[in-house]
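Trainee: I am new to this structure. Please show me the model, and then let me ask about the terms.

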Amino acid sequence: MVAIATGDAYSVLALVDGPPPPALADMIDRLRATLLPLGRANDADRNLLGARIDRFVGDADRSVILLAHGAGCRAAAWWARLSPTHYVARVAGAILVDPSAEAGRFASPGVALPFRSVTVDHSHPAAIASLAREWGSELVTDGAEEAARGGRLLKLIDRLTGMVVAHDVLTAEKLARLRRG
């Protein structure tokens, strides 16, 4: 499987349950993302999905951004929480659009995701706000419907990748201080 990048910086993997909504499908095309459907609702397909995500991330020649919708958001969190560190460390961040409130087959430990994430939800239920807190994700509800429809999603990705770069710079500065001290 070949990973395709947005610009020259990131490979994008889209996780969706069924056909993505038209605006998200357009975004997947514009980002030249690799689309990975979740498969049937059984353990064998769930485990195969985990292996496919591992393969995509392992084969990517640059950092990966996960773009997920609906149950795909839960799948991304499940994978991130249960996969080996050497795979997860290659993920720069995630954009989680309209996550499913029900964990279903993607139940996982309630710990923060090991990478930056932004949760975009226009339905505003308290369950999604709680889920975003659990994930350690920034929650975008203001203008989220427009963001999920088009151009603002690209801006969110730019913002997310900017946060990743800022985090990497801070980490490098801390390491430099430790070496000097």
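Mentor: What follows is a short exchange about strands, their pairing and their burial.
Mentor: This is a predicted model, where local features need pLDDT of at least 70, side-chain atom pairs count only at pLDDT 80 or more, and totals for chains, interfaces and linings use all residues. Residues are numbered from 1 along each chain as its sequence is written, and side-chain values use heavy atoms, with hydrogens and water left out.

Trainee: Why is E6 called a strand?
Mentor: Strands (E, at least two residues) are DSSP runs, numbered from the N terminus. E6 covers residues 116–120, so it fits that definition.

Trainee: What makes E6 mostly covered?
Mentor: Four of its five residues are buried. Buried means under 20% relative accessible area, with a 1.4 Å probe and protein chains only.

Trainee: How many residues of E5 are buried?
Mentor: Nine of its nine, so E5 is mostly covered too.

Trainee: How do you know that E5 and E6 pair?
Mentor: Two strands pair if DSSP finds at least two bridges between them. E5 (residues 91–99) and E6 have five bridges, in the parallel sense, so they pair. Ala-94 has Ser-117 in E6 as its bridge partner, and Gly-93 stands opposite Arg-116 in E6.

Trainee: What makes E6 and E7 a pair?
Mentor: Three bridges join E6 to E7 (residues 138–140), in the parallel sense. Val-118 stands opposite Glu-138 in E7.

Trainee: Which strand do seven bridges join to E5?
Mentor: That is E4 (residues 63–70), which runs parallel to E5. Ala-68 stands opposite Leu-96 in E5.

Technical notes: Buried < 20%, exposed > 50% of the residue type's maximum accessible area, 1.4 Å probe, protein only.
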